[in-house]
Number of protein chains: 2
Amino acid sequence: MKTIISKDNPKIKYVSKLLLSSSMRKSENCFVVEGLRLCNDALLSDAKIIYAFFTADFISKYENLCSKIQQKALESFETSYDVLKKISSTKTPQGVVLLCECFQNLPPDFKNHILMLENIQNPLNMGTIFRTAEAFGINDIIITGDCCDAYSPKVTRGSMGAIFRLNINFENDVNALFDECKTNGIITCASSPNENSENILNIDFSSSPYLMAIGNEANGLTQNVINLCDKTVTIPMKGNAESLNAATSAAVLMWEMTKSF
Amino acid sequence: MKTIISKDNPKIKYVSKLLLSSSMRKSENCFVVEGLRLCNDALLSDAKIIYAFFTADFISKYENLCSKIQQKALESFETSYDVLKKISSTKTPQGVVLLCECFQNLPPDFKNHILMLENIQNPLNMGTIFRTAEAFGINDIIITGDCCDAYSPKVTRGSMGAIFRLNINFENDVNALFDECKTNGIITCASSPNENSENILNIDFSSSPYLMAIGNEANGLTQNVINLCDKTVTIPMKGNAESLNAATSAAVLMWEMTKSF
């Protein structure tokens with residue numbers, strides 16, 4: 001394994017830039033993960049590992065894991081703790097950072113429930129939604145509109161590695177997507193807290209696969225997506241709260257979609 | 001209204017210290033809220049307002065609100081934007097900050113469902129749980145063990161003002177609390193993802209009032225609380241996810257407790 005001793009090493013500079021720039025992650029088609037748990041998730045997934053960086057301490061503590069990552073990675077490096085800090089987004093890095101290629105995901109499986117996110121802006125919400133989708137067995141996520149970057153460190157960390165196991169599709173053409181849903185007989189629901197929306201409790205999610213669309217934290221779904229959907233649905237509320245947090249309402253909706261399976 | 005022009009004004013120094021110190025909030029029995037929405041929530045609640053601070057811009061924009069807050073507050077001050085920034089925890093303060101007295105809450109109503117939080121450490125989780133409790137009509141929250149400070153800026157903000165409308169009790173003596181639950185015929189549930197726990201879907205929450213206990217993000221409930229509870233319950237999961245985020249699992253549990261009412 002090669003050693004990197006300088007923070008000015010071009011690979012370190014490249015990864016530290018990627019950590020901060022979602023547009024660069026997009027153009028370079030790769031992203032950064034770190035820490036024991038997420039890097040193990042990356043190893044167990046189909047993700048391509050481009051570079052792996054370890055501290056000597058981490059290697060001696062997790063010899064077996066490091067050797068497996070090394071076999072999978074195109075190039076592996078040992079770095080000092082200070083150098084590793086340059087490519088970490090945590091205060092006290094655990095000693096392992098990977099540069100992975102973004103996923104080439106499969107088209108969604110229209111025989112199962114699907115979650116669609118439009119204009120979700122907060123990476124903590126997106127990460128939590130991924131984690132919850134996995135827990136409830138929803139495998140297909142469609143991301144559309146002006147969402148935060150699904151490959152940002154906050155999302156991958158908040159997802160607890162779910163990002164490596166879900167099938168996430170980025171879809172710019174919502175009209176084509178809804179046409180496909182129609183062709184495949186999947187019922188499309190817009191989550192919209194509105195007095196004309198159907199109570200989520202009145203929907204029989206076991207009767208058909210459903211696509212559930214969830215919108216922006218402040219403004220909800222766009223009118224375009226609401227119009228494209230077969231139904232609008234809402235979670236009935238009792239208190240003064242104007243609305244639930246986006247990740248919370250996504251959780252309740254996904255729970256209702258999947259609990260009887 | 002008096003004017004404060006210096007950041008070294010003793011009241012400004014006092015409030016800026018309170019903003020950062022949970023132990024000082026505890027010993028002084030007061031807390032800081034800011035922004036249009038939360039300050040309006042404080043006005044509409046029974047909270048005692050000790051000091052109110054406004055910028056001139058805010059006063060001219062929200063004259064009616066400011067005059068109502070002024071009537072309720074013991075003392076009100078106009079400050080410059082720079083001085084107000086000293087007592088704000090946001091990057092771009094909206095121009096209003098209140099110092100409120102901590103609530104003197106009523107004992108919980110044992111005729112309704114109750115939520116108990118033990119050792120919840122993340123203020124974002126606590127704030128989200130408060131917001132969700134309000135949305136689902138759970139009014140009584142009991143906080144026990146080593147929780148984060150319910151009066152911190154992150155919690156009040158995350159709660160979307162629910163903190164001003166919920167009945168929050170701090171309870172050090174859990175044995176006494178569970179005795180009271182028994183006397184009042186309330187069934188106590190420990191949320192615990194464990195193979196011997198009952199599936200949350202098999203519990204008829206309309207048959208009796210329930211207390212639902214939710215534990216620490218990483219370690220769950222203490223064995224002491226699990227032993228004190230009548231039942232342990234869990235949310236069935238499908239995917240690889242080890243567990244749901246604490247705020248998410250609290251949301252699903254509260255939804256199941258309240259949805260049929």
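Let's start at one small spot in chain A: Lys2(A) stands opposite Phe77(A), a residue of strand β4(A). Keep in mind throughout that this is a predicted model.

**The sheet of chain A**

Lys2(A) and Phe77(A) face each other where β1(A) meets strand β4 (residues 75–79) of chain A, two strands that run parallel and are joined by three bridges. Helix α3 (residues 36–44) of chain A packs on the sheet, where it touches β2 and β5 (96–101) of chain A, and its direction makes about 35 degrees with that of β5(A). The sheet itself is open and has five strands, which follow one another in the order β1-β4-β3-β5-β2 (chain A) with mixed pairing. At its edges are β1 (2–4) and β2 (30–34) of chain A, each of which pairs on one side only. From one strand to the next, the twist averages 25 degrees.

**The parallel sheet of chain B**

Now over to chain B, where seven strands make an open sheet with parallel pairing, in the order β8-β7-β6-β11-β9-β12-β10 (chain B). Its edge strands are β8 (167–170) and β10 (198–199) of chain B, and each has a pairing on one side only. Further in, strand β9 (residues 187–191) and strand β11 (residues 210–214) of chain B are paired in the parallel sense over four bridges. If you would like a place to look, find Ile187(B), which stands opposite Tyr210(B) in β11(B).

Which helix lies across β6, β9, β11 and β12 of chain B? It is helix α11 (residues 246–258) of chain B, and it runs at about 175 degrees to β11(B). The strands β6 and β12 that it crosses span 114–118 and 231–234 of chain B.

**Where the chains meet**

Chain A brings 31 residues into contact with 31 residues of chain B. About 2600 Å² is buried between the two chains, and carbon and sulfur atoms give 61% of that area. Three residues, Arg131(A), Lys238(A) and Trp255(A), supply 24% of what chain A buries against chain B, more than any other three residues.

For polar links across this interface, there are eight residue pairs in polar contact, both residues being at pLDDT 80 or more. On the side of chain A that touches chain B, the elements giving two or more residues are α7 (123–135) and α11 (246–258) of chain A. The residues of that side divide into 14 nonpolar, nine polar and eight charged.

**Salt bridges**

The whole structure holds 16 salt bridges over all chains, and the count between chain A and chain B is two. Here are two examples, one between the chains and one within chain B:

| Residue | Partner | Closest N to O distance |
|---|---|---|
| Lys259(A) | Glu256(B) | 3.8 Å |
| Asp149(B) | Arg25(B) | 2.6 Å |

The pair of Asp149(B) and Arg25(B) is worth a second look. Asp149(B) sits in the loop between β7 (140–144) and α8 (153–158) of chain B, while Arg25(B) belongs to helix α2 (residues 22–28) of chain B, so the pair ties together parts that are 124 residues apart in sequence.

Notes
Residues numbered from 1 in each chain as written. Chains lettered and ligands numbered in written order. Predicted model: local features only at pLDDT ≥ 70, side-chain atom pairs only at ≥ 80, totals over all residues. Heavy atoms only, no water. Pairing = 2+ DSSP bridges. Contact = heavy atoms within 4.5 Å. Axes fitted to C-alpha atoms, helices over the stretch in contact; angles between N-to-C directions. Buried area = accessible area lost by both parts, 1.4 Å probe. Salt bridge = Lys/Arg side-chain N within 4 Å of Asp/Glu carboxyl O. Polar contact = N/O pair within 3.5 Å; in protein donor to acceptor, adjacent residues only side chain to side chain. Nonpolar A, V, L, I, M, F, W, Y, C, P; charged D, E, K, R; others polar.
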